[in-house]
Amino acid sequence: MSKTQSNLPALGFRGTMRFFWRQLTSMRTALMLLLLLAVAAVPGSLFPQRRAGADVVETWIDDNPTIGPILDFLGMFDVYSSVWFSAIYLLLFVSLVGCLWPRGKQHFKTLRQPPARTPRNLKRLPEYGQLILESNGPTPEEALVDAEKLLKKSGYRTELRDGSVGAERGYVREIGNILFHFGLLGVIVFMGIGGLYKYEGQKIIVEGQGFTNNLVSYDSFTPGTAFSEERLAPFGIQLEDFDVVFDRDSETHFGQALDYTATMQVTPGPGEETYQDTIKVNDPLTVDGVRVFLVGNGYAPNITVTDGEGDVAYSGPVIAQIQDPNTNSSLVVLKVPDAQPEQLGFVGLFLPTSYTGDDGVAVSIDPDAYNPELILNSYHGDLGLDDGTPQNVYVLDTDGMTEMNSRNNENGGITLGVGDSYDLPDGMGSISFDGWDRYVGLDLHYDPSKWGVGFFSSLALVSLVISLYVRRRRAWVKATERDGHTVVEYGLLARGETFGLREENIKLRQSFDHTWPVIPPDTSEDK
């Protein structure tokens, strides 16, 4: 017995492309791509990214010589601009567009079609009711006209046919579903625009100093992938005053900061008039689309260093990093590479309100500057800056330096009050504490896509609520004449979930009872 072998028709190139297109534009594929995009973004938070700091990435690779080059080849340090991340992003975009377009067209056609035809036997529907009207009530034709008005008032789309009314409700549910996915599509598009053109940077400004919005003025800068320096708005700001209000009434939170206010002089652009504005926590300053946030503050002691040849090697404020937010005790690191005959370095503490206990150790007992004092160690030698290796400005590398002052050698540490100076050992110069200022740490954000992301995310949220709570319903009403009475039959059908259908029946029956003279079902006339 021979076996017959059926030859299946070949798909061909067009058929194959059509098959892949249908798979790509299915809702299941869109959801999978959305999940894959979220997973693909995880490495961006696990590994340092080049656009945020190339030096950090190179250091990470040097510290991990085995896996570092492999991860670099895979694009783990440039996740959001990598080929594979961009491919997922574009596929998700195409999938959503291909999914939304035919659904939107089909729903538009459905809206133009009349409600479904009236079933022959309404008794088979999940919810059914019958009313017999009194003999002086409306005729069947008049009852159908009244029923159509009541259904329209309840939000149904109706059609009056011969001997019946067809009605449908809940098309907004599908519109909400389409708008939800359209909102997701809009969020993806504007997030892509933001990834291309947004930028953010950080800057520390001392009282009396200013900042101009250009690349060289930032302490750190993170650009978008399509960023160009010409997009920087040419504004300038200057910190006129920084005021901190401390709690002086509470016994449990005495000395705690209650409010921060940075008073700024703002110049919107070249030749434009300067105006005054303020920045508070969670109340940023906006200049030409750039939002300036107050994210930090501290003290900047003014220090003058004279080298061994009698020349001023450094003079100005030094940013002190707060170590204890309760007392504002701050770390001070000062590097003086221009000092002669050797480079100088200082590290120690700035104490806003210094107090020396019985143990001889000075501490700060209040965050406000009532008795400011500098306590420093000093070094001379090679700071390690000449070979071009980047260094942290808040860390002093003393490996190539000789200690001059500290609590552990015979010269002791350096303790300076405001106006005090100290001559360094071995004729290496002197250091003086001239005063102090406040500084602020600012975050500057520019994102042209934030309004689009906000609008479409709100649209998606509202549409999701609509699609979850709007219910699809169909209703039909028939009216006939029997023994001189008008008999009205009606039935309800749910499209999808059936909960709430009984309540819909009761509500519709009550409307009919209030509109027509209905014979109660337990009367002899009804029997």
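Okay, a definition to start: accessible area here comes from the Shrake-Rupley method with a 1.4 Å probe. By that method, the protein chain has an accessible surface of about 29,600 Å², and 54% of that surface belongs to carbon and sulfur atoms. Please keep in mind that what you're looking at is a predicted model.

Let's do the whole chain before we zoom in. What do we have in terms of helices and strands? There are 10 helices and 24 strands in the protein chain. Now, the overall spread. The radius of gyration is 38 Å, and the globule rule for 527 residues gives 24 Å, so this chain is more spread out than a compact globule. If you draw a box along the principal axes, the C-alpha atoms fill roughly 125 × 80 × 55 Å.

How much of the chain is buried? Buried residues come to 41% of the 527. As for contacts, take those with a separation of 6 or more: 62% of them are between residues 24 or more positions apart. And on charge, I get 43 positive side chains and 68 negative ones, with the centres of the two sets 31 Å apart.

Right, on to some individual residues. I'll begin with the backbone oddities.

A bit of background: most residues other than glycine have a negative phi, and most peptide bonds are trans. Against that background, have a look at the step from Gln340 to Pro341, where the peptide bond is cis, with omega near 10°. Pro341 sits in the loop between β14, residues 329–336, and β15. Is Pro341 buried or exposed? With a relative accessible area of 53%, Pro341 is exposed, because the cut-off for that is over 50%. And if you want a feel for distances in this model, go from Pro341 to Asp513: they're 172 residues apart in sequence, and their C-alphas are 105 Å apart in space.

Then there are two residues with positive phi. One is Asn328, which isn't a glycine but has a phi of about 60°. You'll find Asn328 in the loop between β13, which is 321–324, and β14. Asn328 is buried, at a relative accessible area of 8%. The other one I picked is Asp426, again not a glycine, with phi near 60°. Asp426 also belongs to a loop, the one between β21 at 421–423 and β22 at 430–446. Here the relative accessible area is 65%, so Asp426 counts as exposed. So that's a loop residue that is buried, Asn328, and a loop residue that is exposed, Asp426.

Next, Thr353. This one is in the loop between β15, residues 343–351, and β16, residues 354–356. Why do I call Thr353 buried? Its relative accessibility is 8%, and buried means under 20%. What does Thr353 touch? Setting aside neighbours within four places in sequence, the contacts of Thr353 are Val363, Ser364, Ile365, Asp366, Asp368, Ala369, Tyr370 and Asn371.

Now over to helix α9, residues 450–469, where Ser467 is. Ser467 is buried too, at 11% relative accessibility. A polar atom of the Ser467 side chain lies 2.8 Å from the backbone oxygen of Leu464. Beyond its neighbours within four places in sequence, Ser467 is in contact with Arg173, Gly176 and Asn177.

Keep going along the chain and you get to Arg471, in the loop between α9 and β23, which runs 472–482. Arg471 has a relative accessible area of 36%, so it falls in the partly exposed class. Here's another distance for you: Arg471 and Thr402 are 69 residues apart along the chain, and 80 Å separates their C-alpha atoms.

Two charged residues to finish. Glu273 is in the loop between β8, residues 257–267, and β9, residues 275–279. At 69% relative accessibility, Glu273 is exposed. Not counting residues up to four places away in sequence, Glu273 touches Val266 and Pro268.

And Arg14 is in helix α1, residues 12–24. Arg14 is exposed as well, with a relative accessible area of 67%. From Arg14 to Leu349 you move 335 residues along the chain, and the C-alpha atoms are 74 Å apart.

That's my tour. Happy to pull any of these residues up on the screen.

Note on methods. Residues numbered from 1 in each chain as written. Predicted model: local features only at pLDDT ≥ 70, side-chain atom pairs only at ≥ 80, totals over all residues. Heavy atoms only, no water. Helix = DSSP H or I, 4+ residues; strand = E, 2+ residues; numbered from the N terminus. Rg over C-alpha atoms; globule rule 2.2 N^0.38 Å. Buried < 20%, exposed > 50% of the residue type's maximum accessible area, 1.4 Å probe, protein only. Contact = heavy atoms within 4.5 Å. Lys, Arg positive; Asp, Glu negative; His and termini not counted. Charge placed at Lys NZ, Arg CZ, Asp CG, Glu CD. Polar contact = N/O pair within 3.5 Å; in protein donor to acceptor, adjacent residues only side chain to side chain.
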